[in-house]
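Trainee: I'd like to learn how to read a model like this one. Can we go through it feature by feature?

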Amino acid sequence: MTRDQAREKVIFALDSNEFAHVQYWAETLSDRVGMFKVGKQLFTACGPATVRMIQKFGGEVFLDLKFHDIPNTVAMASLEAARLGVKLFNLHALGGYEMMARTVEALDKEFKGGERAKVLAVTILTSSTEETLRQVGIESPVEEMVVRLATLARKAGIDGVVASPREIPLIREACGPDFLIVTPGVRPAFAALNDQKRVMTPAEAVRAGGDYLVIGRPIGDAPDPAGAAEMILDEIMAD
Ligand SMILES: O=C(O)c1cc(=O)[nH]c(=O)n1[C@@H]1O[C@H](COP(=O)(O)O)[C@@H](O)[C@H]1O
C-alpha cells in the first residue's frame, strides 16, 4: 500500500472545543490524514464554521453527530448535514428502520441521484460491552447485534456502518464488499486504550478490510501529533 492510500484511510477525530486548536490540527495534519471528523463536542462549541474552515484548507469532513430521534427530525437534520457539503455523516441504527429509510429518501429527493454525503449507521459503540447492553435490556451478544443492525441499515438504503474493527469480517459477510465500514476503536501499539473496549491496531483494522479508521487521542494527545500520524501511516504501509 502506498503512503497516499494509507493516508486516505485515516480520519482524525477533532475532539476539542477550541476553534484555534482545531485550526492548528487541520494545518499540521492535512497532508497526513485523509479526512477530519467533527463530532458533538466541537460542533456544539464552535458550530458549522468548523466544517467551513476545514473545507477552506481543502479537507474532507465526517460530521459525527450520531442522530437518533423521530424519523422526520433525523431526516431533516440529515438534509442540513448533507447541505454543509460533508463527505460522511452518521445516525444511530438503533433509531430503527423507518428513521433510516426516511433519511435516505429525503437525501435522494434533494440530491436527485447526484453526488451527496454518504450516510453511516452506528451499530454498537466501541466503548460498549455485553454488560452495557444488558443494562439497557439487550440480551443478545454484541456481535449478533452489530450484524443485525448493519443488515437493517443496508436494507434501509444506508451507505455503510461505524463499528469496531473486530466486527469487520462479520459485517462484510452479511452486507457485501460495497458497504462502507468505518472503524473507531483503533489503537496503535504506542497508545493507551482510554475508554475504548473492542479495539485493534491500525494495520490489523486495514488488513481486516476497514474502509476508514477513525483515530483521535492516539494522535491528538501525542506530544508530537504529526509524528504520531506518521508512525500510524508507516505501520499501515509496512503491513
Ligand atoms: O461514530 C464514531 O465516530 C464513533 C463510534 C464508536 O462506536 N466509537 C467511537 O469511538 N466513535 C468516535 O471515534 C472517536 C474515537 O476517538 P479516540 O478513542 O480518541 O481514538 C471519538 O470521537 C468517538 O466519538
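Trainee: Let's start with the ligand: how many residues surround it, and which are the closest?
Mentor: Keep in mind that this is a predicted model. The ligand has 19 residues around it, and A13, L125, P184, G216 and R217 are the closest. Sorting that shell by type gives eight nonpolar, seven polar and four charged residues.

Trainee: Which elements each supply at least two residues of that shell?
Mentor: Look at β3 (61-67), β8 (212-215) and α11 (217-220).

Trainee: Next, the core. What's the general idea there?
Mentor: Nonpolar side chains tend to be buried together in soluble globular proteins. Here the largest nonpolar core has 72 residues, and F12 and A121 touch the most other members. Helix α8 gives the most to this core, seven residues.

Trainee: What is F12 in contact with, leaving aside neighbours within four places in sequence?
Mentor: L29, V33, F36, K37, I215 and I219.

Trainee: And α8, which of its residues are buried?
Mentor: V142, M145, V146, V147, L149, A150, A153 and R154. They pack against α6 (97-111), β5 (118-122), α7 (130-135), β6 (160-162) and α9 (168-175). For the helix itself, compare its span with what's expected: α8 covers residues 142-155, 14 in number, and reaches 20 Å from first C-alpha to last, close to the 20 Å expected at 1.5 Å a residue. After α8 comes G157, with a positive phi near 95 degrees.

Trainee: What does the UniProt record annotate for residues 9-232?
Mentor: The unreviewed entry has "domain: Orotidine 5'-phosphate decarboxylase" there. In the model, that stretch is 45% helix and 17% strand, with its end C-alpha atoms 11 Å apart.

Conventions: Residues are numbered from 1 along each chain as its sequence is written. This is a predicted model: local features need pLDDT of at least 70, side-chain atom pairs count only at pLDDT 80 or more; totals for chains, interfaces and linings use all residues. Helices (H or I, at least four residues) and strands (E, at least two) are DSSP runs, numbered from the N terminus. The expected span of a helix is 1.5 Å times one less than its number of residues. A residue is buried if 20 or more other C-beta atoms lie within 10 Å of its own, exposed if 12 or fewer, and partly exposed in between; C-beta atoms are placed from the backbone. Two residues are in contact if their C-beta atoms, placed from the backbone, lie within 7 Å. A nonpolar core is a set of buried Ala, Val, Leu, Ile, Met, Phe, Trp, Tyr and Cys residues joined through C-beta atoms within 7 Å. UniProt positions are given in the numbering used here, feature names are shortened, and annotations may be inferred rather than shown by experiment. A residue is near a molecule or strand if its C-beta atom, placed from the backbone, lies within 6 Å of it. Ala, Val, Leu, Ile, Met, Phe, Trp, Tyr, Cys and Pro count as nonpolar, Asp, Glu, Lys and Arg as charged, and the others, Gly among them, as polar.
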